[in-house]
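Work through the following exercises with the coordinates open, and compare each step with the solution that follows the task.

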Amino acid sequence: MAFTLPNLPYDFNALEPHIDARTMEIHHGKHHNAYVTNLNNAIAGTDAEKLSIEEICKNISKYPVAVRNNGGGHYNHSLFWTVMSPKGGSPSGALADAINAAFGSLDEMKAKFNAAAGGRFGSGWAWLIKDASGKLVITSTPNQDNPLMDIAEVKGTPILGLDVWEHAYYLNYQNRRPDYAAAFWNVVNWNEVAKRFGA
C-alpha cells in the first residue's frame, strides 16, 4: 500500500499574503511529493509497506536513514497543511485552557514557539506537542525528524508544527525566519489543532 500525496485543503493562494501561492505550489507539489516518492521507494518490499506513517515514525530507529528523512518529511508536511487555514482565529475551550495552564497565556506560548522556530539551527521544525502526561510542550527537531520518533529528544504527539526549512519561506521572506514565524499565527487552523489535542 503505497503512500500518496494528500491534497491541500485549500487553494495555493488561500494563505496569502502570509504564505504566497508560488511557495505553496513548490512546497506541496515538488518537496512533499518528493518525500512521498522517495519513502515509497525506500520501503518497497519491506514490512514497512503494511504500516501507517505514525507506526513507522514511532519505530524509526529500526529503519534506514532514507525512511527516517522521507517518512518524517511525509508525516510532517501532511500535518502542516492541515494546521493552516485562511480563516485563522484563536484557540478556545479545552485547548485554550491547556495553553494557559502550560504557558500562562497564548501570547507567551507564541513567544516560546517562535523562539523554538528561530533557534533551530539549519533546517527543521518547531512543534507544539501533547506529552505522555497530556501536558502541552514546545520543542523543535532537526531536518525531517518529529516528536513521534523514538529517537526524538522530546517525545509526544504533535498537534501544531511549523516548517522552518528555507524552502518553506525563502521566496517571500528570504532569511527573515522570525517574520515568517510571526506571520504563521495569522493562518493557524485552531479547530484542527483542538481536534488533534482532543484525539
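**Exercise 1.** How many bridges join E1 to strand E2, and in which sense do the two strands run?

Solution. The model is a predicted one, in which local features need pLDDT of at least 70, side-chain atom pairs count only at pLDDT 80 or more, and totals for chains, interfaces and linings use all residues. Residues are numbered from 1 along each chain as its sequence is written, and side-chain values use heavy atoms, with hydrogens and water left out.

Begin with E1 (residues 124-130) and E2 (residues 136-142), where strands are DSSP runs of E with at least two residues, helices are runs of H or I with at least four, and both are numbered from the N terminus. The two strands run antiparallel and are joined by 7 bridges, whereas pairing requires that DSSP finds at least two bridges between strands. Individual partners can then be located: Trp127 is bridged to Thr139 in E2, and Lys130 has Leu136 of E2 as its partner. Finally, inspect the connection, a hairpin with 5 residues between E1 and E2, in whose turn Gly134 has a positive phi of about 90°.

**Exercise 2.** Determine the strand order of the sheet, and then state how E1 is covered.

Solution. First add E3 (residues 157-163), which pairs with E1 in the antiparallel sense over 6 bridges; Ile129, for instance, has Pro158 in E3 as its bridge partner. The 3 strands therefore give an open, antiparallel sheet in the order E2-E1-E3. Its edge strands are E2 and E3, each of which pairs on one side only, and the twist averages 25° from one strand to the next. As for covering, 6 of the 7 residues of E1 are buried, that is, under 20% relative accessible area with a 1.4 Å probe and protein chains only. Helix H4 (residues 93-103) lies across E1, E2 and E3, and runs at about 80° to E2.

**Exercise 3.** Describe the packing of H5 against H7.

Solution. Start from the axes, which are lines fitted to C-alpha atoms over the stretch in contact, with angles from 0 to 180 degrees between N-to-C directions. Those of H5 (residues 106-119) and H7 (residues 177-184) come within 9 Å and cross at roughly 145°. Next list the contacts (heavy atoms within 4.5 Å): Phe113, Asn114, Ala117 and Gly118 in H5 meet Arg177, Ala181, Ala182 and Phe184 in H7.

Key:
Buried means under 20% relative accessible area, exposed over 50%, partly exposed in between (1.4 Å probe, protein chains only).
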